[in-house]
Amino acid sequence: MVFLCLGLSRAVLGAPSVEDIVANLSRAGSQLPAEMGFRQDVHVRVLFLMWKFHSLVVRQNGEYLVETRGAPDFLPEGFMASLLDVGDALTNYDLELVGEEKNANGEPVYQVAGRRRGGSAGALGGTFWVNGRMWLVEKAVLEYDWGTLELQQDFHQVNGYTVLRSQRAATSHLGARLTVEYRDYWFGNDDMIAREDH
């Protein structure tokens, strides 16, 4: 048992600091253009019931504007928007590094946990698994006043940008399970002008 604890301590000690992890996450997020947009196609399952709906998302000056159509009433207000800023929100938390592991691709993943600072919005607290190559959150377990959310995220490249491909989530609220697929990405003014012309 002592050797196991010593091994874990050495692994965590070899990891970057929490400050470096948060700075790298912020740097990765800042690589996205100030203006962009996409669509979220959402499937929600509660027991044997299922809902399908979508959100149209526009990012302007780093802020996400989300218009959701057809969502069931039991989803908390702003829920779809909360799925978009999991990595960005880490600057609002008092964090500590609690573990280090490798993902299925052999990439380092740093586990950080913490509570939200007073005056900040978002989840009350949580644990985050940060990919140490891409500097993106692969997984999170978040605590809200309505319950917990377990989230798994997959990314891919679109026009040279690393963006969400899909999310899988489970909530303690009604035992809901969600799958979110991301598509129809556009980036910057040129692409938007081309869309408006057609």
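**Antiparallel sheet, helix α2 and Val137**

The strands form an open sheet of 10 with antiparallel pairing, in the order β3-β2-β1-β10-β9-β8-β7-β6-β5-β4. β3 (63-69) and β4 (93-102) are at the edges with a single partner strand each, so one side of each has no neighbour in the sheet. From one strand to the next the twist averages 20°. The model is predicted: local features need pLDDT of at least 70, side-chain atom pairs count only at pLDDT 80 or more, and totals for chains, interfaces and linings use all residues. Residues are numbered from 1 along each chain as its sequence is written, and side-chain values use heavy atoms, with hydrogens and water left out.

**Strands and helix**

- Strands (E, at least two residues) and helices (H or I, at least four) are DSSP runs numbered from the N terminus; two strands pair if DSSP finds at least two bridges between them.
- Strands β8 (residues 147-158) and β9 (residues 161-171) run antiparallel and are joined by 10 bridges.
- Gln157 stands opposite Thr162 in β9.
- Helix α2 (residues 18-29) packs on the sheet and touches β2 (49-60), β4, β5 (108-116), β6 (125-131) and β7 (136-144); contact means heavy atoms within 4.5 Å.
- The direction of α2 makes about 90° with that of β4; axes are lines fitted to C-alpha atoms, for helices over the stretch in contact, and angles run from 0 to 180 degrees between N-to-C directions.

**Val137**

- Val137 is found in strand β7.
- Val137 has a relative accessible area of 3% and is buried (under 20% relative accessible area, 1.4 Å probe, protein chains only).
- Leaving aside neighbours within four places in sequence, Val137 contacts residues including Leu25, Val86, Leu90, Phe128 and Phe155.
- The C-alpha atoms of Val137 and Phe155 are separated by 9.8 Å, and the two residues are 18 residues apart along the chain.

Note on methods. Buried < 20%, exposed > 50% of the residue type's maximum accessible area, 1.4 Å probe, protein only.
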